[in-house]
Amino acid sequence: MGAEYVIGSYTGFRLYTESELENPMKLIAQTHAFQSIIDSKKQIEKSNIFLDHNESLKLYSSSDFTKYKEIVEVGELEARKLLPKLLEIAKIQKQNNTQRADKQLINDNSSEIKYIDIKVDRGNEKLNNYEHNLVNNNNSILNSNNYNAENLNDICNNIYGSRNYDNVFYTFNSKDTNQLILNLHLKRTKAGSFKFGVHYDTEQSSGILLNYTYRNLLLDNSRILATVDLSERFKARINYYKFIDHRNKVWFRFNSEFRNVLSNDILYKFANYLNTTASETKYYNNLFTNNLGLCYSFNKNSYIEGGIEYDFVRLTKKNDDIYKFFFNNVPQKTLFEYDNLSFYLQYNQNSLNTQYYPTKGNQLTIETKFFKNLSYEINNPTDTNNVVGRTLYELLSPDLNFYNKNNNRINFLINERYIQKLTSKLSIVATFFAGINYITNIGFPKDFDNNYSFPIQRFVVGGFENRQSYNNPQFWGLKQEEFQLDKTFITSLNLQYNVFNKIYLTPGFCISQDYTYGYGLDVGYMSIIGPIKFNISRNSILKTTRAYFSLGFKF
């Protein structure tokens with residue numbers, strides 16, 4: 001084969017000693033192994049360097065699949081023993097000025113793929129439009145032998161990633177020696193699928209997640225997803241996706257979502273502290289969002305999207321004392337409501353190897369958004385003794401002279417998460433978030449403090465959950481969305497260590513542009529019902545140690 005040095009490794013059978021031949025099964029195995037041993041000896045003679053694993057692997061058999069990690073470690077230890085010999089060979093090659101031979105592609109027409117044959121459910125089903133387009137989308141490998149297993153696996157992975165198929169694989173056959181056919185075997189998944197899960201966390205509430213996905217509803221090459229969170233604080237979402245070109249690169253997305261969540265905003269906590277005579281009041285955000293976007297995929301990891309979004313937000317309050325809520329006079333529940341229209345342009349890139357506890361890759365979002373305020377209404381309490389109500393009105397009302405009047409805003413954000421694998425168990429997780437708002441009708445002010453912005457236009461900081469919200473940077477020691485800011489720059493550095501199997505230990509540190517910092521420790525387990533997390537953290541703002549626990553997938 002033209003090799004100057006041959007490195008051999010033998011993991012096959014060794015002859016048992018007389019004392020080891022203790023039963024008939026071992027005697028039969030040794031009889032069958034004689035020819036294998038004879039063949040291996042001939043190959044060993046041709047090896048310049050030989051690594052014999054018979055002694056190191058004598059405690060393992062070919063059925064010990066569950067001990068694969070131990071076997072790999074044994075192999076690495078044995079291979080390191082040959083390192084001095086390998087270095088000696090490298091030194092000799094360097095002295096002799098040995099050049100590495102370039103790989104040459106052999107022009108063999110018999111290996112050229114002449115055409116692609118799609119077989120759906122063993123060839124028993126007719127092809128749909130998407131499957132017909134698969135040939136056109138992958139015609140770069142036709143009439144060429146410049147392909148390898150990686151190219152073919154990428155084709156299968158891309159098809160499987162469409163989630164239209166339960167199984168995708170390829171085979172070859174040929175009608176004659178000069179016609180090679182690539183057979184793509186597809187097993188279609190069911191048109192509809194139902195999934196459910198449970199979740200719990202110490203900040204919001206427990207609930208049951210229900211999801212139903214249906215493919216090709218009304219239009220081909222489309223998908224609709226309906227998700228409901230049956231909990232004390234109801235949530236619902238509908239997504240619809242439709243590819244509109246044969247290459248599956250251009251698609252539009254429609255999203256409609258309702259969320260009812262307990263607000264952790266520090267502003268409302270501050271208002272509660274002013275009222276020392278009443279029980280603490282909880283505040284709830286009711287958010288209704290609709291957006292329609294047109295998207296273009298650059299590759300399987302990145303796309304750009306432009307679209308329009310409508311948001312309606314209502315802030316309500318609810319007294320902790322249920323008896324008083326139903327039987328006594330309670331102030332009006334709705335404190336504040338508003339709606340706005342926005343136009344956005346967004347770039348997304350994701351190469352993480354898994355959604356939860358990834359060990360390599362990155363996730364990047366860059367967005368600019370233009371907000372057009374439509375209307376708002378705020379409750380102005382007439383009771384002068386209502387300290388909390390008056391305080392919230394002064395903080396939330398955009399009509400007061402304290403604020404600069406403005407109608408429209410533009411914001412920019414960059415959210416980058418980068419993960420680098422250091423060892424087989426240790427990864428470094430670095431994140432960077434930058435967000436800033438500009439007011440369009442009064443220029444670019446240096447002082448943001450007196451420029452009013454609605455909560456939906458701000459960047460919300462805090463929390464530990466891996467959520468779909470890209471404008472919510474995590475911050476150690478803060479609850480989910482506890483701080484709402486017009487501008488923020490946050491950098492964090494975490495070390496993720498895989499303690500055992502699916503158990504992860506992650507200490508971390510984060511810091512903002514004003515040198516506010518937070519730190520903490522997270523313990524996670526990827527269970528069959530979803531991620532289980534417990535963390536304890538602290539920051540330099542509130543200087544309070546906080547613990548958080550969650551179970552299952554979040555809405």
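How many bridges join S14 to strand S15 (residues 408-421)? The count is 12, and the two strands run antiparallel. The legends below describe close-up views of a predicted model.

**Figure 1. Overview of the predicted chain.** The chain has 555 residues, of which 39% count as buried. Its secondary structure comes to 8 helices and 23 strands. Among contacts with a separation of 6 or more, 56% are between residues 24 or more positions apart. The accessible surface is about 33,300 Å², and carbon and sulfur atoms contribute 55% of that area.

**Figure 2. Strands S13, S14 and S15.** Strand S13 covers residues 334-350 and strand S14 covers residues 361-378; they pair in the antiparallel sense over 15 bridges. Within this pairing, Leu345 has Thr368 of S14 as its bridge partner. S14 is also joined to S15, again in an antiparallel arrangement, by 12 bridges. Here Gln363 is matched with Arg417 in S15. In a regular strand, side chains alternate between the two faces of the sheet.

**Figure 3. Two nonpolar cores.** The largest nonpolar core has 15 residues, and those with the most contacts inside it are Ile118, Ile159, Tyr165, Val168, Leu184 and Leu186. At least two residues of this core come from each of four elements: strand S3 (113-120), helix H5 (149-161), strand S4 (165-176) and strand S5 (179-188). A second core, separate from this one, has 14 residues, including Val313, Leu335, Tyr338 and Tyr452.

**Figure 4. Surroundings of Asn286 in strand S11.** Asn286 belongs to strand S11, which spans residues 281-299. With a relative accessible area of 15%, Asn286 is below the 20% limit and therefore counts as buried. Apart from neighbours within four places in sequence, its contacts are Phe258, Arg259, Asn260, Phe312, Val313, Arg314 and Thr316. One of these, Val313, is also a member of the second nonpolar core.

**Figure 5. Aromatic pairs Trp251-Tyr303 and Phe464-Trp476.** The chain has 17 aromatic pairs. The rings of Trp251 and Tyr303 lie 5.3 Å centre to centre, with 55 degrees between the planes, and form a tilted pair. This pair links distant parts of the chain, with Trp251 in strand S10 (residues 250-262) and Tyr303 in strand S12 (residues 302-319), 52 residues apart. Trp251 is buried at a relative accessible area of 9%, whereas Tyr303 is partly exposed at 23%. In the other pair, the ring centres of Phe464 and Trp476 are 5.8 Å apart and the planes are at 55 degrees, so this pair is tilted. Phe464 and Trp476 are 12 residues apart, and both lie in the loop between strand S17 (459-461) and strand S18 (483-485). Both residues count as buried: Phe464 has 11% relative accessibility and Trp476 has 9%.

**Figure 6. Aromatic cluster and a charge over a ring.** Ring pairs connect Tyr241, Phe243, Trp251 and Tyr303 into a cluster. In a separate view, the charged end of Arg237 sits over the ring of Phe555, at 4.1 Å from the ring centre.

**Figure 7. Strands S20, S21 and S22.** S20 and strand S21 (residues 517-527) pair in the antiparallel sense over 9 bridges. One of the matched positions is Cys510, whose bridge partner in S21 is Gly518. The hairpin of S20 and S21 has 4 residues between the strands, and Tyr515 in this hairpin takes a positive phi near 65 degrees. S21 is joined in turn to S22 by 10 bridges, and these strands also run antiparallel. Met526 is opposite Pro531 of S22. The hairpin from S21 to S22 passes through 2 residues.

**Figure 8. Positive phi at Asn501 and Lys543.** Asn501 is not a glycine, yet its phi is positive, at about 50 degrees. Asn501 is in the loop between strand S19 (487-500) and strand S20 (503-512), and at 47% relative accessibility it counts as partly exposed. Lys543, also a residue other than glycine, has a positive phi near 55 degrees. Lys543 is in the loop between strand S22 (530-539) and strand S23 (546-551). With a relative accessible area of 58%, Lys543 is over the 50% limit and therefore counts as exposed.

Conventions:
Residues numbered from 1 in each chain as written. Predicted model: local features only at pLDDT ≥ 70, side-chain atom pairs only at ≥ 80, totals over all residues. Heavy atoms only, no water. Pairing = 2+ DSSP bridges. Core = buried A, V, L, I, M, F, W, Y, C linked by side-chain atoms within 4.5 Å. Buried < 20%, exposed > 50% of the residue type's maximum accessible area, 1.4 Å probe, protein only. Contact = heavy atoms within 4.5 Å. Areas by Shrake-Rupley, 256 points an atom, 1.4 Å probe, with all protein chains shown as cover. Phe/Tyr/Trp six-rings, centres within 6.5 Å; stacked < 30°, edge-to-face > 60°. Lys NZ or Arg CZ within 6 Å of the ring centre and 35° of its normal.
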